[in-house]
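Reader: Could you walk me through this model, starting with one residue and then working outwards? I'll put it up here so that we are looking at the same thing.

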Amino acid sequence: MKNFLICFVLAGMAWGASAQTMWRDAPMQASPAEIRALMSDVRETSPARRSADPSALLEIPSTSIADETFAATFHFESERLQRIHLQAQPADPQRLQALLKALQTSLRARYGLPISTKTRSGAAKGTVDLKWSFRRMTVQLQMLDGKTVALIYEANIPSPPAGL
């Protein structure tokens with residue numbers, strides 16, 4: 001009985017790790033059809049966008065996060081979700097700074113301290129590049145040009161060995 005309980009707990013932990021989700025509970029490795037079923041506001045990207053970036057199959061052109069409007073793009077490899085890229089351009093520097101602060105606070109509460117912190121002033125004044133690692137996913141918060149905020153969720157799942 002004890003061995004059965006241990007196996008049951010370990011199996012549950014393995015299932016929980018494989019069911020890890022990204023932004024808006026999008027499962028890592030989900031297919032485009034699964035994302036469409038999960039999010040009613042998602043749509044296919046334009047042919048021009050797909051020709052520029054073949055991995056960008058789905059998008060949500062406008063969604064609110066921390067009182068700011070973001071565009072979300074879903075990137076797939078071999079029909080499996082690998083990355084979600086969210087981008088916003090707040091109207092003024094005060095809103096940009098408030099958004100960065102709100103996102104940092106939220107990400108730290110959820111994922112802890114960032115594993116990588118790059119902030120610079122000078123030529124690239126106000127550059128922010130923070131990265132968190134959580135299980136098999138990285139989350140990156142960036143502001144590189146002084147006006148655009150990017151939030152990137154990316155799966156870190158190793159590729160299977162060739163020939164298998």
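Author: Let me start with Tyr153, which sits in strand E8; please keep in mind throughout that this is a predicted model.

Reader: Is Tyr153 buried or exposed?

Author: Tyr153 counts as buried, since its relative accessibility is 7% and the cut-off for buried is under 20%.

Reader: And what does Tyr153 touch, if I ignore residues up to four places away in sequence?

Author: Its contacts on that basis are Met22, Trp23, Gln82, Arg83, Ile84, Leu86, Leu107, Tyr111, Met137, Thr138 and Val139. As for distances in space, the C-alpha atoms of Tyr153 and Phe74 are 9.7 Å apart, although 79 residues separate the two in sequence.

Reader: I noticed a hollow around there. How much space lies in the second largest pocket?

Author: The second largest pocket holds about 160 Å³. It is lined by 13 residues, and those closest to its centre are Trp23, Ser106, Leu107, Arg110 and Tyr153. Two elements each give two or more residues to that lining, namely helix H4 (93-111) and strand E8 (149-155).

Reader: Which element gives the largest share of the lining?

Author: That is H4, with five residues.

Reader: How do the lining residues divide into nonpolar, polar and charged?

Author: Nine residues of the lining are nonpolar, one is polar and three are charged.

Reader: Let's stay with H4, then. Which of its residues are buried?

Author: The buried residues of H4 are Leu96, Leu99, Leu100, Leu103, Gln104, Leu107 and Tyr111. Looking down the helix axis, these buried residues fall within an arc of 130°, so they line one face of H4. On the other side of the helix, Gln94, Lys101, Thr105 and Ala109 are exposed.

Reader: Why would residues three or four places apart point the same way?

Author: An α-helix has 3.6 residues a turn, so residues with that spacing point the same way.

Reader: What does the buried side of H4 pack against?

Author: The buried residues of H4 pack against strand E2 (56-65), strand E3 (68-77), strand E4 (80-88), strand E6 (127-134), strand E7 (137-143) and E8.

Reader: Does the length of the helix agree or disagree with what one should expect?

Author: It agrees, because the 19 residues of H4 should span 27 Å at 1.5 Å a residue, and the end C-alpha atoms are 26 Å apart.

Reader: Could you pick one of those buried leucines and go into detail?

Author: Leu99, in helix H4, is buried with a relative accessible area of 2%. Leaving aside neighbours within four places in sequence, Leu99 is in contact with Ile65, Ala66, Glu68, Phe70, Ala88, Pro90 and Val149. The C-alpha atoms of Leu99 and Ala66 are separated by 6.7 Å, with their positions 33 residues apart along the chain.

Reader: What about a charged residue, say Glu59: buried or exposed?

Author: Glu59, which lies in strand E2, counts as buried at 15% relative accessibility. Apart from neighbours within four places in sequence, its contacts are Asp41, Val42, Arg43, Glu44, Thr45, Ala72, Thr73 and Phe74.

Reader: Moving to the loops, where is Asp92 found?

Author: Asp92 is found in the loop between E4 and H4, and it is partly exposed, with a relative accessible area of 27%. Its C-alpha atom is separated by 8.0 Å from that of Lys147, a residue 55 positions away along the chain.

Reader: Which residues have a positive phi although they are not glycines?

Author: Gln29 is one of them, with a phi of about 70°, and Glu79 also has a positive phi, of about 65°. Gln29 is placed in the loop between helix H1 (2-18) and helix H2 (32-38), whereas Glu79 is found in the loop between E3 and E4. Both count as partly exposed, Gln29 at 27% relative accessibility and Glu79 at 47%.

Reader: To finish, how many helices and strands does the protein have?

Author: There are four helices and eight strands, and along the sequence they follow the pattern α-α-β-α-β-β-β-α-β-β-β-β. Of the 164 residues, 37% count as buried. Among contacts with a separation of 6 or more, 42% are between residues 24 or more positions apart.

Technical notes
Residues numbered from 1 in each chain as written. Predicted model: local features only at pLDDT ≥ 70, side-chain atom pairs only at ≥ 80, totals over all residues. Heavy atoms only, no water. 1 Å grid on protein atoms, 1.4 Å probe; cavity = no way out; pocket = protein on both sides within 12 Å on 5 of 7 lines; lining within 4 Å. Points joined across faces, edges and corners; volume = space filled by probe spheres on them. Nonpolar A, V, L, I, M, F, W, Y, C, P; charged D, E, K, R; others polar. Expected span 1.5 Å × (residues − 1). Buried < 20%, exposed > 50% of the residue type's maximum accessible area, 1.4 Å probe, protein only. Arc of directions from axis to C-beta. Contact = heavy atoms within 4.5 Å.
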